[in-house]
Amino acid sequence: MTNSQTTNAPAGLLQKKRLWLQILIALALGISVGLLLSPQGAALVSHSAAMDIAQWVALPGRVFLALIQMVVIPLVLSSIILGIAGNKDTDFLKKVGMRILPYFVTTTFIAVILGLAVVYLIEPGNYVDSGLFSAIVDQPVQVVATQATQTSIPDKVAAIIPANPTQSTLDKDMFAIVIYANFIGMALTTLAERRKALMIDFMDGIQSVSLQIVNWAMLLAPFAVFGLLCDITISIGVDALIGVSAYVATVLLGLADLLIIYTLVASFVAKIHPLAFLKAIRSAQLLAFSTSSSAAVMPLSMRTAQEQLGVKKPIVQFIVPLGATINMDGTALYQVVAAIFLTQVFGVDLSVNQVVLLILTTVGASIGSPSTPGVGIVILASVLASFGIPAAGIALILGVDRILDMCRTVINVSGDLTACVVMNHWLKDELALTEREQISTKMDDVITN
């Protein structure tokens, strides 16, 4: 099986077996069955029986997520190295890098500011029931709180370079992995062709194996979606969802506004009709919603960018793996909304300087966050610790975090695909020149031989 065939395998499976339809059906069934079994819902079974059932129905989902997380690091590492080392035009890579990094930072700032606007406009913290608030204040959340560690800025700057790649792998520090992969990829471009070819073949094999495991995991996707959503619905019940419904609505409104901004950017910059853009990326969005992992969607995102959006392969190979790790606009928006929501709940007034610091902290925390499910709540804990907001407040939003995690991953993936079409448009002249040079080189080789 060639690399291109393996790369398209998960995406092709999603289309061939109509998994997208199966996932939608599983989503509806999972919520419906969960409401029937939930003690706060129809309560068809006892509370203990419902909790036991929830654990078993969630098993396929946990296996699915474990398979995805198992290959996240080798998949991201190999994809970035191949994207850099596989392109012979180093000047082109520099041009992409010089444009895409400021673009990612700018869109993250836009997402954070949009989140601030929405949360201050709606003020969801004012809608929290006082009884629910009292119960949360008395509930310690030591597991989450212990993960919120403060690190000085000089330490963060020094930590950009992964001194111990093995430790970074164990810690699942995806930002360090990306930096490490970029160094390897750039170093490979300086080696002789024979030596570089060996390393590229090795990385190509790692990528192919990783994608095959993703392909197997996709067979579990409908069962995983059913089980995870059924488990969530049984566990949180209707009351908890209604109690923070204003918060959930605020986050969803912010994410929807951000998606509209993406479609407008694709329309005005890349000249793609908004509806055509949304239609092209809907399969990737659905898979993102199902997996809550940008890394898991990488194969489908790459295929969507190339085949549905017409983005050139060098752009796709460079931006999609990078964006899956550092372009987390949906996560950044969620974090700032959650932080301000909790300040409203606990009556913590932030000054203008503190809000500005919150913006900078959120942008920094979201860039390089692991592209795996549930990481947003861990990052949020570190953000809250910087502003004296009680960590116990996380328990207030923990119940609905999984649902919001699925939604913000959709936006993260949409942001990566938007970046692809924007860069493809901005660099179309350089791409055309690179293709002409490659054709000329091949012709010279043929004449020489």
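**Exercise 1. A charged pair in helix α20**

Task: In this predicted model, decide whether arginine 408 and aspartate 405 are buried or exposed, and work out how they are joined.

Solution:
- Step 1. Look at the cover around the pair: arginine 408 is buried, and aspartate 405 is buried too.
- Step 2. Check the gap between the side chains. The closest N and O atoms of arginine 408 and aspartate 405 are 3.5 Å apart. This counts as a salt bridge because the cut-off is 4 Å between a side-chain nitrogen of Lys or Arg and a carboxyl oxygen of Asp or Glu.
- Step 3. Place the pair on the chain. Helix α20 (residues 394-426) holds both arginine 408 and aspartate 405, three residues apart, or about one turn of the helix.

**Exercise 2. A second bridge**

Task: Find how many salt bridges the whole structure has, and describe the one made by glutamate 307.

Solution:
- Step 1. Searching the whole structure gives two salt bridges.
- Step 2. Glutamate 307 pairs with arginine 303, with 3.0 Å from N to O.
- Step 3. These two residues, glutamate 307 and arginine 303, sit four residues apart in helix α15 (residues 298-308), about one turn of the helix.
- Step 4. Now classify each partner. Glutamate 307 is partly exposed because its relative accessibility is 46%, and arginine 303 is partly exposed because its relative accessible area is 23%. Both labels follow because partly exposed lies between the limits of 20% and 50%.

**Exercise 3. Helices and the UniProt record**

Task: Say how many helices and strands the protein chain has, then examine residues 63-85 and 100-122.

Solution:
- Step 1. The count for the protein chain is 21 helices and zero strands.
- Step 2. Turn to the record: an unreviewed UniProt entry gives "transmembrane region" for several stretches, including 63-85 and 100-122.
- Step 3. Residues 63-85 are 100% helix, with 33 Å between the end C-alpha atoms. Residues 100-122 are also 100% helix, and their end C-alpha atoms are 33 Å apart.

**Exercise 4. Inside the chain**

Task: Find which residues have the most contacts inside the largest nonpolar core, and list what isoleucine 319 touches.

Solution:
- Step 1. Start with the whole: 51% of the 449 residues of the protein chain count as buried.
- Step 2. The largest nonpolar core has 112 residues, and Ile100, Tyr247, Leu309, Ile319 and Val421 have the most contacts inside it.
- Step 3. Leaving out residues up to four places away in sequence, isoleucine 319 touches Val96, Ile100, Phe104, Asp416, Ala419, Cys420 and Met423.
- Step 4. Another core, of six residues, lies apart from the largest one; Leu37, Ala54, Val57 and Ile234 are among its members.
- Step 5. Finish with the contacts of the protein chain that have a separation of 6 or more: 86% of them join residues 24 or more positions apart.

**Exercise 5. Two positive phi angles**

Task: Compare where glutamate 123 and lysine 271 are found, and give the phi of each.

Solution:
- Step 1. Recall the background: most residues other than glycine have a negative phi.
- Step 2. Glutamate 123 has a positive phi of about 55 degrees. Its place is the loop between α5 (90-122) and α6 (130-137).
- Step 3. Lysine 271 has a positive phi near 60 degrees, and it is found in the loop between α13 (245-268) and α14 (274-291).
- Step 4. Glutamate 123 counts as partly exposed because its relative accessibility is 35%, while lysine 271 counts as exposed because its value is 62%.

Notes: Residues numbered from 1 in each chain as written. Predicted model: local features only at pLDDT ≥ 70, side-chain atom pairs only at ≥ 80, totals over all residues. Heavy atoms only, no water. Buried < 20%, exposed > 50% of the residue type's maximum accessible area, 1.4 Å probe, protein only. UniProt positions renumbered as here; feature names shortened; annotations may be inferred. Contact = heavy atoms within 4.5 Å. Core = buried A, V, L, I, M, F, W, Y, C linked by side-chain atoms within 4.5 Å.
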